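Please look over the sequence and the model below before reading on. The explanation then leads through the fold one topic at a time.

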Amino acid sequence: MILVEGAISLKACIQSNKRRIDKVYIDSSKKTKDFNYLRRIIKENNIELNEISREEFSSFPIGKTHGGIIGYAEERKSDDFDEGDIFFIDGIEDPFNLGYIIRTVYAFGINNILLPKRDYSYMEAQIIKSSAGAFEMANIRYCEDSEADIKKLMEEGYTTYALKRGEDATDIFDEVFKDKALFMLGGEKRGISKGLMEICDRFIYIPYGNEFRNSLSGAAAADVCATLLFRQRRHDRITGK
């Protein structure tokens with residue numbers, strides 16, 4: 001079980017119905033519209049609800065940003081993907097940065113997030129919080145073998161894209177993305193593995209407006225990629241292409 005903090009995080013966990021919520025504790029003095037709505041959906045989903053005083057929250061191993069509500073939830077399992085675009089995120093070690101990336105790409109229409117399999121239990125609560133609940137709403141799949149899983153997705157018709165600077169890379173603003181795109185996003189330090197780069201279909205780079213030799217943060221790079229992909233997908237829907 002993990003301890004989930006905050007109204008947005010708990011509401012996303014309950015509404016997505018992708019994990020079991022064991023019990024929830026609410027500050028009994030919280031009588032706002034949002035908290036009363038949470039009380040209702042907690043009861044509708046047959047989750048144990050405990051009304052406690054503000055002082056009683058100090059007995060839980062939490063910080064000061066819970067806002068008067070916490071809950072115990074089971075760890076997240078792998079989801080099935082839909083037919084939409086995919087973001088593979090590797091090498092992002094900080095849970096807040098990972099959450100920011102998931103929040104951004106989900107907001108721009110990417111439902112499918114591929115992550116390397118690891119123990120996320122110690123950071124899941126932070127990922128849910130920093131993603132503003134998007135981690136619960138997106139389709140999250142964990143892969144044992146990143147290269148094998150991405151090869152399989154390529155066989156299913158996905159075109160892979162990776163950020164790279166070099167003569168074989170295309171300016172991302174000039175790229176026309178294929179119908180089923182799979183973006184491979186690595187951390188600033190380690191980047192994408194050599195094996196994945198060798199099987200990648202398309203290399204793209206983000207041009208800068210100033211002379212700057214350092215890479216963007218993973219969150220900033222994801223923002224650019226997701227924004228331009230969303231822009232093209234919206235244009236295709238409007239024009240019927």
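The paragraphs that follow take up the sheet, then the pocket, and finally the cysteines.

What is shown here is a predicted model, and a useful place to begin is its open sheet, in which seven strands follow one another in the order β7-β6-β5-β10-β8-β11-β9 with parallel pairing. The edges of this sheet are held by β7 (139–143) and β9 (169–171), and because each of them has a single partner strand, one side of each is left without a neighbour in the sheet. On average, and with direction ignored, neighbouring strands of the sheet are turned by 30° against each other. As general background, strands of a sheet pair through backbone hydrogen bonds, and such pairing may be either parallel or antiparallel.

The pairings of β11 can be followed residue by residue. With β9, which runs parallel to β11, there are three bridges, and A169 is found opposite F203 of β11. With β8 the pairing of β11 is again in the parallel sense and extends over three bridges, with Y161 having R202 in β11 as its bridge partner.

Some of these strands reappear when one turns to the largest pocket, whose volume is about 450 Å³. Its lining is made up of 24 residues, and those that lie nearest the centre of the pocket are L163, K164, S215, L216 and A221. At least two lining residues are supplied by each of β8 (159–163), β10 (181–186), β11 (202–205) and α8 (218–239), while the largest share, three residues, comes from β10. In chemical terms, the lining of this largest pocket divides into 13 nonpolar residues, seven polar ones and four charged ones.

The cysteines remain to be considered. How many disulfides does a search of the whole structure find? The search finds zero, and the distance at C143 shows why that residue takes part in none: the closest cysteine sulfur to its own belongs to C200 and is 15 Å away, which is too far for a bond, given that a disulfide requires a pair of cysteine sulfur atoms within 2.5 Å. In general, a disulfide is a covalent bond between the sulfur atoms of two cysteines. As for solvent exposure, C143 is buried, with a relative accessible area of 1%, and C13 is buried too, with a relative accessible area of 1%; the cut-off that applies to both is a relative accessible area under 20%.

Note on methods
Residues are numbered from 1 along each chain as its sequence is written. This is a predicted model: local features need pLDDT of at least 70, side-chain atom pairs count only at pLDDT 80 or more; totals for chains, interfaces and linings use all residues. Side-chain values use heavy atoms; hydrogens and water are left out. Buried means under 20% relative accessible area, exposed over 50%, partly exposed in between (1.4 Å probe, protein chains only). On a 1 Å grid over the protein atoms alone, a cavity is a set of points where a 1.4 Å probe fits but cannot get out, and a pocket is an open set with protein on both sides within 12 Å along at least five of seven lines; lining residues have an atom within 4 Å of a point. Grid points are joined across faces, edges and corners, and a volume is the space filled by probe spheres set on the points. Helices (H or I, at least four residues) and strands (E, at least two) are DSSP runs, numbered from the N terminus. Ala, Val, Leu, Ile, Met, Phe, Trp, Tyr, Cys and Pro count as nonpolar, Asp, Glu, Lys and Arg as charged, and the others, Gly among them, as polar. Two strands pair if DSSP finds at least two bridges between them. Axes are lines fitted to C-alpha atoms, for helices over the stretch in contact, and angles run from 0 to 180 degrees between N-to-C directions.
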